[in-house]
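Let's take a walk through a protein model, stopping at a few residues along the way. Keep the 3D view open and find each residue as it comes up.

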Amino acid sequence: MESPVEATAPERVQWGRVGSLVGGQAAVQLGSFALLIAMNWTAVQLGGTRAVTLLMLAATVPRALMLIFGGAVADTLGPRFVLLRTTAARVALLAAGSVLTATAEQLWPLVVIALVEGVLLGLAGPASGVLLPLFARGEQLARANSLYAMVLRVAPILGAPAGAFLITVGQLWVALLAGAVTGAIWFGCLLHVTHGFVRPEPEPGVSLVKRSGDGFRLLARHPRLRWMFVAALCLDMAFSWPAEVALPLLVSERGWGVSAVGVVLAAFSVGALGSSAVGAALAHRIPMFVRLVVTGAGLAAGILVMALMPSVVSLTAVAAGVGLLSGLNGPAIVTLYQQSAPEDRMGAAMSTLSLSGIGTAPVSIAVFSSLSLVLGVQTTWLVCGAIAFVSPVAAVLALRHPARAEEPAVTELPVAAAA
């Protein structure tokens, strides 16, 4: 059998493994979003706003903290070791949670499930990010990342109503069981995707604790990675508050009705899904400067313009355009980051990139919500748009530096064993 590295010459992609990876993620993400809606709704019924807040903190804080450690674990033990064990543990957790919640209607089981699941997802996240660069190289990696992004766009669109349906026709235990089933599908796909992988050779005298800081050391040593991190961080920081908090506030202020929020978000999702599909087919034919810098500038301009739109129709149209640009920009950021990181530190690199998204949402909401009390919603939204313009500038600076960050230490990549 060929190794993943050997099989991904510049014009070759292991589409079989990529298809299993994307298909498995489609299943598990659908189940995850359905479960998120079901658990949040159940928490509302059990304890209102405080219960939902506690549940969200239990899910997000451990996940963000474990992302840092997860990168070191992925680089040290290999993606197969990490993903098979964390996925199997998550399936067991959700199955046990299904049995427990079928017999007890209390908040504490939900908090425990969210806490443990957050730890497992944090450990698994960087290992998942290691896989695609093993199966696709060069500009073909951009196509694979766009295909992967399509799954992430579709999952909330289908998962949210699925979760509402499951909690309506059944109870929370049904949603937990569905999450366990989709997790089992993902586990089966992982068996195929990582078949033949072997664990990397250990580095003498280097502990997991020491390696947990590799992602930040990479940012300190390598300008291209550092500027790409800034580009991702600023864009996520600028977009989180407008999408999650400011949009409903702005709609309410202008008396457009709550349905306008759903219409605008749906337009964004459809636009992003469409451009992700285009990227899956044609990303390798679109220059990186266009996918990264031009779309980044367009996103920043779109965020600014959204705050000024006088009607639901115009706001929806701009949101669709922002979605179109986002569907190209997001995979481009991930692709360039993967192509620029040292191969033996890919897990650490992906952990810090994940933090730029997961870690910024609560900070964005806290900072800009406070600022809006002084400046107002529209002005604060415009401030977010101005911050977003840092992203394309940082992307330009990143492209001026060498394409690959080389590290002195060499660790074997997980490769397929010889047949």
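L115 sits in helix α3. Keep in mind that this is a predicted model. Is L115 buried, partly exposed or exposed? Its relative accessibility is 41%, so L115 counts as partly exposed, because that class covers the values between 20% and 50%. Leaving aside neighbours within four places in sequence, L115 is in contact with A58 and P62. For a sense of distance, look at A320 too: the C-alpha atoms of L115 and A320 are separated by 35 Å, and the two residues are 205 residues apart along the chain.

L115 also has company on the surface. Together with L100, W108, V112 and V116, L115 makes a nonpolar surface patch of about 410 Å². Which element gives the largest share of this patch? That would be helix α3, residues 107–135, with four residues.

Now let's head inside. The largest nonpolar core has 50 residues, and L131, L292 and Y337 are the ones that touch the most other members. Pick Y337 and see who is around: not counting neighbours within four places in sequence, Y337 is in contact with L219, L225, M228, F229, A349, T352 and L353. Apart from that core lies another one, made of 27 residues, including L235, A246, L299 and V322.

Another spot to check is T182, which lies in helix α5, residues 172–193. With a relative accessible area of 14%, T182 is buried, because anything under 20% gets that label. Setting aside residues up to four places away in sequence, T182 touches A27, V28 and G31.

Next up, charges. How many salt bridges does a search of the whole structure find? The search finds five. Here are some of them, with the N to O distance for each:

| Pair | Closest N and O atoms |
|---|---|
| E343 and R137 | 3.0 Å |
| D214 and R217 | 2.7 Å |
| D214 and R345 | 2.9 Å |

Start with E343 and R137, a pair that links distant parts of the chain, 206 residues apart. E343 is in the loop between α11 (312–340) and α12 (346–358), while R137 is in the loop between α3 and α4 (140–169). E343 is partly exposed, with a relative accessible area of 30%.

D214 turns up in the table with R217 and with R345. D214 and R217 are three residues apart in helix α7 (residues 214–221), so about one helical turn separates them. D214 is buried at 7% relative accessible area, whereas R217 is partly exposed at 29%. The salt bridge between D214 and R345 has a longer reach in sequence: D214 lies in helix α7 and R345 in the loop between α11 and α12, so the pair ties together parts that are 131 residues apart. Both D214 and R345 are buried. Through shared partners, salt bridges join D214, R217, D344 and R345 into one network.

Last stop, the cysteines. How many disulfides does the structure hold? There are zero. For C384, the nearest cysteine sulfur is that of C234, 11 Å away, and a disulfide would need the two sulfur atoms within 2.5 Å. At 0% relative accessibility, C384 counts as buried. C189 is buried too, with a relative accessible area of 17%.

Terms used: Residues are numbered from 1 along each chain as its sequence is written. This is a predicted model: local features need pLDDT of at least 70, side-chain atom pairs count only at pLDDT 80 or more; totals for chains, interfaces and linings use all residues. Side-chain values use heavy atoms; hydrogens and water are left out. Patches are made of residues with over 30% relative accessible area and no salt bridge: like charges are joined within 9 Å, nonpolar side chains (Val, Leu, Ile, Met, Phe, Trp, Tyr) within 5 Å. Accessible areas come from the Shrake-Rupley method with a 1.4 Å probe; for residues, only the protein chains shown count as cover. A salt bridge is a side-chain nitrogen of Lys or Arg within 4 Å of a carboxyl oxygen of Asp or Glu. Helices (H or I, at least four residues) and strands (E, at least two) are DSSP runs, numbered from the N terminus. A nonpolar core is a set of buried Ala, Val, Leu, Ile, Met, Phe, Trp, Tyr and Cys residues joined through side-chain atoms within 4.5 Å. Buried means under 20% relative accessible area, exposed over 50%, partly exposed in between (1.4 Å probe, protein chains only). Contact means heavy atoms within 4.5 Å.
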